[in-house]
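Here are some notes for a colleague who is opening this entry and would like a guided reading of its backbone. Please keep the sequence and the 3D view at hand while going through the points.

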Amino acid sequence: MQAAHPATPASHDSSAPPRLWSFRRSPFAGKARAAFAEKGAPVEIVDIHPGKRPPRLRELNPTNRVPVLELPDVAIRESSLICEWLEETHPDPPMWPQDAGRRGWARGWARYLDDNLTGNFFLGMRKMAFGKDEDDPDDIVERLHGRLAGHWPVLEQALGIHDGPWLTGDQFTFADLGGLALAVRLPEWGPHLQPDAAKTPRVVDWLAALRERPSAATIDQAGTERA
Ligand SMILES: N[C@@H](CCC(=O)N[C@@H](CS)C(=O)NCC(=O)O)C(=O)O
């Protein structure tokens, strides 16, 4: 597994809280910030400027992406793996179901949300903000955003399985956390893409419940800027 990339030596004071390299508008950095808030775990948030990424970011994460968590001896890349580190180091409150089957099911939904909902929506926003790639079709943003409509009914069905309010039932898990950035940003950034309460009422309620969580405030949280 290539989760951890060695940080350069003496990178980070071991008595200080871990440092989360972040960007305010990044949904995956937002997921990691919210995970720290849900766990009540201390963290230092440092912001990069997406157009002027500091060389240190690539030392920590070879893909030059955020989020990446800097620990005294290593750095952990990928928002989901930062969540796993948190679950292991801060077990309370548990953010995965105790039952192995339900846990595997929830992990599958966490992945589904990242890939199909968060991924398509925010990649479309990124292309709107920073421009399309050379080989993108002219309507790339509409294509990416158009995919959301097909995923709402699938999510509706999943939310019906354990009788809510969360994906696995009463317990709020990392699978639900995967929808938090979308829940917070969609009303403002893509109101026309929101699900229809008449067709997918569970999804509408789930998105509203996500926005009510105190950790939702971290989705728009900036850190100290690092050049
Ligand atoms: N799968 C990664 C995705 C990370 C990611 O795509 N980060 C974006 C910000 S949301 C980024 O830094 N993109 C930079 C780029 O594409 O150049 C994760 O979950 O951490």
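Where is the place of P93? I take this up in the first point, and the remaining points move through the strands, the ligand shell and the helices.

1. The coordinates are those of a predicted model, and I would begin with the prolines. The place of P93 is in the loop between α3, which covers residues 79–89, and α4, which covers 100–130. The peptide bond that joins D92 to P93 is cis, with an omega of about -10°. A second cis peptide bond leads from G164 to P165, where omega is near 5°, and P165 has its place in the loop between α6 and α7 (174–177). Both bonds merit a look, given that most peptide bonds are trans.

2. Two residues deserve attention for their phi angles. N64, which is not a glycine, has a positive phi near 65°, and this residue lies in the loop between α2 (55–60) and β4. E78 is likewise not a glycine and has a positive phi of about 85°; E78 is found in the loop between β5 (74–77) and α3. As for their surroundings, N64 counts as partly exposed because 14 other C-beta atoms lie within 10 Å, whereas E78 counts as buried because 20 other C-beta atoms lie within 10 Å, and 20 is the number from which a residue is called buried.

3. Strand β2, residues 19–22, is covered on both of its faces: R19 and W21 are buried on one side, and L20 and S22 are buried on the other. This pattern can be read alongside the general rule that side chains in a regular strand alternate between the two faces of the sheet.

4. What does β2 pair with in the parallel sense? Its parallel partner is strand β3, residues 44–47, and 4 bridges connect the two; within this pairing, S22 has D47 of β3 as its bridge partner. Helix α1, residues 27–39, belongs to the same arrangement, since β2, α1 and β3 together make a right-handed β-α-β unit.

5. β2 also pairs with strand β4, residues 68–70, through 3 bridges, and here the strands run antiparallel. In this pairing R19 stands opposite E70 of β4. E70 also stands opposite A75 in β5, and β4 and β5 are themselves paired in the antiparallel sense over 3 bridges. The connection from β4 to β5 is a hairpin that passes through 3 residues.

6. Which residues are around the ligand? They are S26, P27, F28, R65, V66, P67, E78, S79 and S80, so that E78, noted above for its positive phi, appears again in this list. Sorted by class, the shell has 4 nonpolar, 3 polar and 2 charged residues. Helices α1 and α3 each supply at least two residues of the shell.

7. Helix α6, residues 148–161, allows a simple check of its length. Its 14 residues should span 20 Å at 1.5 Å a residue, and the C-alpha atoms at its ends are 21 Å apart, which agrees. Buried residues in α6 include W152, L155, A158 and L159; these cover an arc of only 130° around the axis, and therefore lie on the same side of α6. On the other side of α6, G150, Q157, G160 and I161 are exposed.

8. The same kind of check can be made for helix α9, residues 201–212, whose 12 residues should span 16 Å at 1.5 Å a residue; its end C-alpha atoms are 17 Å apart, in agreement with this. V203, W206, L207 and L210 are buried in α9, and because the buried residues fall within an arc of 100° when seen down the axis, they line one face of the helix. An α-helix has 3.6 residues a turn, so residues three or four places apart point the same way.

9. Finally, K199 is found in the loop between α8 (180–189) and α9. Is K199 buried or exposed? K199 is exposed, because 12 other C-beta atoms lie within 10 Å, and a residue counts as exposed at 12 or fewer. K199 and F23 are 176 residues apart along the chain, and their C-alpha atoms are separated by 34 Å.

Conventions: Residues are numbered from 1 along each chain as its sequence is written. This is a predicted model: local features need pLDDT of at least 70, side-chain atom pairs count only at pLDDT 80 or more; totals for chains, interfaces and linings use all residues. Helices (H or I, at least four residues) and strands (E, at least two) are DSSP runs, numbered from the N terminus. Two strands pair if DSSP finds at least two bridges between them. A crossover is right-handed if, with the strands pointing away from the viewer, the path from the first strand over the helix to the second runs clockwise. A residue is near a molecule or strand if its C-beta atom, placed from the backbone, lies within 6 Å of it. Ala, Val, Leu, Ile, Met, Phe, Trp, Tyr, Cys and Pro count as nonpolar, Asp, Glu, Lys and Arg as charged, and the others, Gly among them, as polar. The expected span of a helix is 1.5 Å times one less than its number of residues. The arc is that of the directions from the helix axis to the C-beta atoms.
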